[in-house]
Amino acid sequence: MNQEPFINWKALSGIHMAQRPPVRPENGVNMWDLESARYNKMSALEKELTVKQVDALPLSPEDTVLDMGCGCGRLSVPIAQRVKAVTSLDSSEKMLANCAANAKAAGAENLTPLFLDFFEAEAGVNVPVHDLVFCSRSAAIWEIEKLCTFARKYVNMWDLESARYNKMSALEKELTVKQVDALPLSPEDTVLDMGCGCGRLSVPIAQRVKAVTSLDSSEKMLANCAANAKAAGAENLTPLFLDFFEAEAGVNVPVHDLVFCSRSAAIWEIEKLCTFARKYVAVLIFANAPSLPELLGKLFSGTTEKPAERGPHRIHDRRLDYNALWNTVYDLGYEPNCTIVPDGFTASYASVEEACDDLRMLGTVDPDREETYRKNVMQFLTRREDGSWDLLIPTRTAVIWWEVHPEKF
């Protein structure tokens, strides 16, 4: 199809995403300077488990690494112990002072603090290009294109998130089946999952079709996907380490019968998705219902004094929700089908304590906020007659699919 959409629905849909402004000093007071002592203490408390995040990064001893918003060096310091050099950038002098002190205490002499606001940083101008750039728990995580300008090799926040997303995939397993049921699959089909994550959809689809190729730009996500496929006996699933925007149909990615994309920026690349498909393309998006960050927001509401780690705040507006995506497909000349299915987290637990312990890894709970966290969890639990508990944190998903070569009349 070469038809242009009548309305730019993608652009219109952007009005229901309200970006948080960056935190900047006002009247000479930098809130992060005031918070530095507390964050230094929290960094110390997180030290043991932070190692798992460092393990998830694609580091080599020859790498130079840039930490965008280093805080007190929670990640910068242990990373410096594994690579050639680290530049730790932050807009708080107090945070940087703690970072430098922590580096000195750890013997990390290859760490260089840089006092600069991320939004004033320019690659190759006031900040050198590095091999790997990373950003943790700050508004800058949404500045994906800008982050990439500072990196020679990697900017991969999804590697850091892989363990959490693997857990969420497990919690969504029961209701994910309804999304798979809504797809036009046949046993002879080959299927391409564009942005597979931990295989939430790839694995159950592989159990119904001839073969699945699971593409993702995160090695850690792909490792989880492969492990989940093996555990499910899905030997017909092939992981493919590649960025969607570097993929070319028939060049580095074969054409498949059905191509689908779920909950990623690629869902708007409709024409490109169609080039990979012989028969069908499908996209999955939340349907006038909470997204994963919003579900976590309910579960961990009030459980920490830390600033929210979530991205843009989503304003729900029925006029510009999944219908914008459906209309884009329609305006391009296709005939989209749409099925709305229940979605969300489900699980069963022997006790409330077991539920709290199991879900804890998905967010942050301060020691003095345990009771708040327990109350949050309790609102999503239903007790069975045998004394066990069922979890349901509900949302809803739209499964939109279309033929790439629709019949013309």
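This passage walks through one buried strand residue, a pair of packed helices and two further helices in a predicted model.

Leu 66 is a good place to start. This residue sits in strand β2, which covers residues 64–68. With a relative accessibility of 0%, Leu 66 counts as buried, since the cut-off for that label is anything under 20%. As for what surrounds the side chain and backbone here, the contacts of Leu 66 beyond four places in sequence are Thr 87, Leu 89, Val 127, His 130, Leu 132, Val 133, Phe 134 and Phe 150. One of these partners, Leu 89, lies 23 residues away from Leu 66 in sequence, yet the two C-alpha atoms are 7.4 Å apart in space.

Next comes a helix pair. Two packed helices are described by the angle between their axes and the distance between the axes. For helix α12 (residues 352–359) and helix α13 (residues 370–378), the angle is about 105° and the axes are 10 Å apart. That makes the two helices roughly perpendicular to each other, because angles of 65 to 115 degrees fall in that class. On the α12 side, the residues taking part are Val 352, Glu 353, Ala 355, Cys 356 and Leu 359, and they meet Tyr 373, Arg 374, Val 377 and Met 378 of α13. Sorted by class, this contact has seven nonpolar residues and two charged ones, with no polar residues at all.

Helix α8 shows a sided pattern of burial. Running from residue 219 to 231, α8 has 13 residues and spans 18 Å from first C-alpha to last, close to the 18 Å expected at 1.5 Å a residue. Buried in α8 are Met 221, Leu 222, Asn 224, Cys 225 and Ala 229. Looking down the helix axis, these buried residues fall within an arc of 160°, so they line one face of α8. Lys 230 and Ala 231, by contrast, are exposed on the other side of the helix. After α8 comes Gly 233, which has a positive phi, near 75°.

Helix α11 (residues 322–331) is another story: seven of its 10 residues are buried, so the helix is largely enclosed by the rest of the structure. The buried set in α11 is made up of Tyr 322, Ala 324, Leu 325, Asn 327, Thr 328, Val 329 and Asp 331. Here too a glycine with positive phi follows the helix, namely Gly 333, with a value near 105°.

Definitions and conventions: Residues numbered from 1 in each chain as written. Predicted model: local features only at pLDDT ≥ 70, side-chain atom pairs only at ≥ 80, totals over all residues. Heavy atoms only, no water. Helix = DSSP H or I, 4+ residues; strand = E, 2+ residues; numbered from the N terminus. Buried < 20%, exposed > 50% of the residue type's maximum accessible area, 1.4 Å probe, protein only. Contact = heavy atoms within 4.5 Å. Axes fitted to C-alpha atoms, helices over the stretch in contact; angles between N-to-C directions. Parallel < 35°, antiparallel > 145°, perpendicular 65-115°, else oblique. Nonpolar A, V, L, I, M, F, W, Y, C, P; charged D, E, K, R; others polar. Expected span 1.5 Å × (residues − 1). Arc of directions from axis to C-beta.
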